[in-house]
Each structure stands twice: as structure tokens, then as C-alpha cells.
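Here are some short exercises to work through with the model open beside you. Try each task before you read its solution.

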Amino acid sequence: MTLSSATLKLQLPGVAMVTGGASGLGAGIVLAFADLGARVAICDLNIKQGEELAARINSTYPDRALAIQMDVTKEADIIRAVDATVSKFGRLDYAINSAGIVVGGKAVTTITETDLESYRKIQSVDAEGVFFCMKYQLRAMLRQEPLSSSPRSSRGVIVNAASRASLEGVPKFGSYCTAKHAVLGMSRVAAVEHAKDRIRVIALCPGLIKTPGHVEAAKEVDDMLLAKVPAGRFGTVDEITDGVTWLCSDMASYMTGTTFEIDGGCAAI
């Protein structure tokens, strides 16, 4: 017996699709979903890493993970990945669009130094990739009913990996900031369009996080940014993962169309 009517236990009994799920932050999210009961589609360009992660999960939780090779810049790949997820597991409840890149060329550049090719590369992955993943994830979610009869249960939840760079200007990261501002905008639009469908969409805005994709070459930028972080350190993958799993749970049932900032206090200054 409990005294509170609130949801007191985080549970994720549905099906998750994680883009960029084979390594780094994406892999951390995949493992957390599996531990919390979800079946998971690991969608990544690197199918070898994806299959290795799926095998690791399935050795502990049989038939709980599926690896799918997917390039988020190719619409056909996105359609195939969503269809494969639904075909394997029957539905799609949580979509985490975490595939992304920080640098389109060999180094970070100012706007005046940025070439068109590297700019377009970042936009195609970080902005267009998220947009078209949402398009087909939303279509899948609209075809299903919520997981439970609870008024707090959603038909689906989408968490898009935005960034602190969605909220401010970061020197030498003009292309990246442009893409991440776009993610924030499209997340808000999708949330408004589908709130009455009981589909929630949130833009996750992490601060400085140490992952394999971190740009070590930009140490001078790291030092500049860390000096502005009240916590005085990088965040960890686990700290972001805990936020993502909570957002996808019924605990966050009234949250949609907003940003969720995990940034060591940067939002306060």
C-alpha cells in the first residue's frame, strides 16, 4: 500500500527506438531502456557495434534487443528502421533521436571559415535526420493506442537530442548551433501538432558531456565553456540517461513541447 497517488516507480514496458544507439550516449540510453523492461531497436550506421550491443543485451534479457543498420540522412533507411522495429516488437513507444555529429569537417571553424560541404553535412545529420525520423516515428505512434488505460499513459514519446547549443551561440560551432536550434523548433511544432493525440515530444538539451563523440581537438573551446559551467565539470552519460528514461515514463506525462536541460547549472546563468 502507498499513500501517494503519484507514479512512484519508473517503468518502461514498451518498445524503444534509439538512433545513434550503438555507442556513446545512445548506447547508454539503450542499456538503460533494456534494464527498465523495454524492448529496444538499436539503430546505427555502425551495424557491427549495434549487433555487439544487441548480443550483450540479449544474453541477459533474451530477445529484448534488435540491431538495425540505418543512415539518418537517407529517408529510405529511416522508413525501413521504423518498419523493422514495429514488425519485430509490434509497436513503437519511445523514440530517442540521438544520432548526431559535432564537426562536419576536420576542425571547428568560425562562420567565415565554414565551407558549404561541412555545413550541409551537419545539417543533414543533426537537423534533417531528426525531422524525418520524427515524421515516420509519429506515423507509427498514431496507428497505436496507449500502452495502458491510465490517463497518464502516452501513445508515444519522442525525445530529440538538442543541446545547450540550441539555446545560445557557441563560438566556432556555427553549423552545429544552427542544426540544434532547428531541432528545438521542430520538436515544439511536433509537440503542438500531436498533444491531443497523446504523443509527447521533448527537446533534450545536455550541457558538456564526455562521450566517445566529444571533440577533443577543441580543447580551447572546452576550457572556455567549462569556465561557464557552475558545476565546474563535464556531465556523464549516466546523468543524461537518467533524464531520458524519466521523460519517457508516465512520471513525465504532462511534459511536452518543452526543453529539458541537464547542464550543470548553465540554464541558471
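The exercises below concern a predicted model.

**Exercise 1. Follow the chain from strand 1 to strand 3, and work out how the strands pair and which hand each crossover has.**

Step 1. Begin with strand 1 (residues 15–19) and strand 2, which run parallel and are joined by five bridges. Within this pairing, Ala16 has Val40 of strand 2 as its bridge partner.

Step 2. Add the connection: strand 1, helix 1 and strand 2 form a β-α-β unit that is right-handed.

Step 3. Go on to strand 3 (residues 65–69), which pairs with strand 2 in the parallel sense, again over five bridges. Here Val40 stands opposite Ala65. From strand 2 the chain reaches strand 3 through helix 2 (residues 47–60), and this β-α-β crossover is right-handed too.

Step 4. Check how covered strand 2 (residues 39–44) is: five of its six residues are buried.

**Exercise 2. Decide whether the length of helix 2 agrees with the expected span, and find its buried and exposed sides.**

Step 1. Helix 2 has 14 residues, which at 1.5 Å a residue should span 20 Å; the end C-alpha atoms are 20 Å apart, so the two values agree.

Step 2. List the buried residues of helix 2: Gly50, Leu53, Ala54 and Ile57. They cover an arc of only 100 degrees around the axis, and therefore sit on the same side of helix 2.

Step 3. Recall the geometry: an α-helix has 3.6 residues a turn, so residues three or four places apart point the same way.

Step 4. Turn to the face pointing away from the buried side, where Lys48, Arg56 and Ser59 are exposed. The cover over the buried residues of helix 2 includes helix 1, strand 2 and strand 3.

Step 5. Finish at the start of helix 2, where a side-chain oxygen of Asn46 comes within 3.3 Å of the backbone nitrogen of Lys48.

**Exercise 3. Do the same for helix 3 (residues 75–89): find its span, its buried residues and what covers them.**

Step 1. The 15 residues of helix 3 should span 21 Å at 1.5 Å a residue, and the end C-alpha atoms are indeed 21 Å apart.

Step 2. Buried in helix 3 are Asp77, Ile78, Ala81, Val82, Thr85 and Phe89. Seen down the axis, these fall within an arc of 130 degrees, so they line one face of the helix.

Step 3. Ala76 and Ser87 are exposed on the other side of helix 3. Strand 1, strand 2, strand 3 and helix 4 are among the elements covering the buried residues.

Step 4. Look just past the end of helix 3: Gly90 has a positive phi of about 95 degrees.

**Exercise 4. Describe the surroundings of Ser153: is this residue buried or exposed, and what does it touch?**

Step 1. Locate Ser153 in the loop between helix 4 (116–142) and strand 5 (156–161).

Step 2. Its relative accessible area is 4%, and buried means under 20%, so Ser153 is buried.

Step 3. Leaving aside residues up to four places away in sequence, Ser153 touches Pro146, Leu147, Ser148, Arg198 and Asp250. With Leu147 there is a polar approach: the backbone nitrogen of Leu147 lies 3.4 Å from a polar atom of the Ser153 side chain.

Conventions. Residues numbered from 1 in each chain as written. Predicted model: local features only at pLDDT ≥ 70, side-chain atom pairs only at ≥ 80, totals over all residues. Heavy atoms only, no water. Helix = DSSP H or I, 4+ residues; strand = E, 2+ residues; numbered from the N terminus. Buried < 20%, exposed > 50% of the residue type's maximum accessible area, 1.4 Å probe, protein only. Polar contact = N/O pair within 3.5 Å; in protein donor to acceptor, adjacent residues only side chain to side chain. Contact = heavy atoms within 4.5 Å. Pairing = 2+ DSSP bridges. Right-handed = clockwise from strand over helix to strand, strands pointing away. Expected span 1.5 Å × (residues − 1). Arc of directions from axis to C-beta.
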